[in-house]
Amino acid sequence: CAVGILDVDLCGPSIPRMLSVGKPEVHQCDAGWVPVYADPQQKLAIMSIGFLLEDSDEAVIWRGPKKTALIGQFVSDVAWGELDILLVDTPPGTSDEHLAVLENLRKHRVDGAVLVTTPQAVSTGDVRREITFCKKTAVKILGIVENMSGFVCPHCSECSNVFSKGGGEELAKLTGSVFLGSVPLDPLLTATLEEGRDFLQAFPESSTYTAISQIVNTVLSSLDA
């Protein structure tokens, strides 16, 4: 399965760090920019503004038109090759980045959006507005994920509801959306992302692995339907 990840969180590009690809130089070919590959088999392609910044601490202070133009280039001027899935990672909200992605992908088939929330009402309120955005722009909602749903103790593996629990599932019921599942706040997951290691390979027996796998399989099944 060939997957592309397009990171359009222009002000906070985190995908390169989480996938431990560093800051390689982006090359060009006849078809456009060559994406950065996270694996030797070149099955996971990535494009992010993080690769284009000279200084990783540099702030991207751009108005809407400049953001829109770059996202348009990321969609049309990157030599993605034959992909089975293009995953677009957007910042929170319903701003220029989201509109630019939709406008540039209209000529392609947009399967839908996966919305991520934490259990608290302040977060579900934001995601409720994103649901409205999807409905107004005719984007299918593939489902809602509740992130940071409980805390997994690194010593005994017991999960405690440090914040709250169930906000994402309740939001899914209220809006008639599919609830994809919950991902706990797991120190092991946090550490592997910080270090750029593959959590799924490092901790295949963990409950967090099971939760993530179930969410992924549900989404893939809905794409095949």
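Below, a visitor and a guide talk through the predicted model shown above.

Visitor: Welcome me in: which pLDDT does this predicted model need for local features?

Guide: Residues are numbered from 1 along each chain as its sequence is written, and side-chain values use heavy atoms, with hydrogens and water left out. Side-chain atom pairs count only at pLDDT 80 or more, totals for chains, interfaces and linings use all residues, and local features need a pLDDT of at least 70.

Visitor: How many helices and strands does the protein chain have?

Guide: Helices (H or I, at least four residues) and strands (E, at least two) are DSSP runs, numbered from the N terminus. By that count the protein chain has 8 helices and 10 strands.

Visitor: What radius of gyration does the protein chain have?

Guide: The radius of gyration is taken over C-alpha atoms, and the globule rule is 2.2 Å times the number of residues to the power 0.38. The C-alpha atoms fill a box of roughly 50 × 40 × 40 Å along the principal axes. With 225 residues, a compact globule would have a value near 17 Å, and the protein chain agrees with that at 18 Å.

Visitor: What share of the 225 residues is buried?

Guide: Buried means under 20% relative accessible area, exposed over 50%, and partly exposed in between (1.4 Å probe, protein chains only). On that scale, buried residues make up 39%.

Visitor: Among contacts with a separation of 6 or more, what share comes from residues 24 or more positions apart?

Guide: Contact means heavy atoms within 4.5 Å. For the protein chain, the share is 69%.

Visitor: Which element gives the most to the largest nonpolar core?

Guide: A nonpolar core is a set of buried Ala, Val, Leu, Ile, Met, Phe, Trp, Tyr and Cys residues joined through side-chain atoms within 4.5 Å. The largest one has 25 residues, and Leu6, Trp33, Met47, Ile49, Phe51 and Phe74 touch the most other members. Two or more residues come from each of β1, β5 (44-48), α2 (64-76) and α3 (96-105). With 4 residues, the element that gives the most is α2.

Visitor: How many residues are in the second, separate core?

Guide: In soluble globular proteins, nonpolar side chains tend to be buried together. Leu102, Val127, Val139 and Ala172 are included in this second core, whose residues number 12.

Visitor: How far is Leu70 from Ile49 in space, C-alpha to C-alpha?

Guide: Leu70 lies in helix α2 and is buried, with a relative accessible area of 7%. Beyond its neighbours within four places in sequence, Leu70 is in contact with Leu10, Trp33, Ile49, Leu52 and Trp62. Leu70 and Ile49 are 21 residues apart in sequence, and their C-alpha distance is 8.7 Å.

Visitor: Now to charges: which parts does the Arg17 and Glu194 pair tie together?

Guide: A salt bridge is a side-chain nitrogen of Lys or Arg within 4 Å of a carboxyl oxygen of Asp or Glu, and a search of the whole structure finds 5. Arg17 and Glu194 form one of them, at 3.3 Å from N to O. Arg17 is exposed, with a relative accessible area of 52%. The two are 177 residues apart in sequence, so the pair ties together helix α1 (residues 15-18) and helix α6 (residues 187-195).

Visitor: How far apart are the closest N and O atoms of Arg129 and Asp126?

Guide: Arg129 and Asp126 are 3 residues apart in helix α4 (residues 121-136), separated by about one helical turn. Arg129 is exposed at 52%, while Asp126 is partly exposed at 40%. Their salt bridge has its closest N and O atoms at 2.5 Å.

Visitor: Which side chain of opposite charge is nearest to Asp9?

Guide: Lys and Arg count as positive and Asp and Glu as negative, with His and the chain ends not counted. Asp9 is found in the loop between β1 (3-7) and α1, and outside its neighbours within four places in sequence it is in contact with Asp89 and Pro91. Asp9 is buried yet has no salt bridge; at 7.9 Å, the nearest side chain of opposite charge is Lys67.

Visitor: One last backbone puzzle: what is the phi of Met148?

Guide: Most residues other than glycine have a negative phi, and most peptide bonds are trans. Met148 is found in strand β8 (residues 141-152) and is partly exposed at 32% relative accessibility. Its phi is positive, near 55 degrees.
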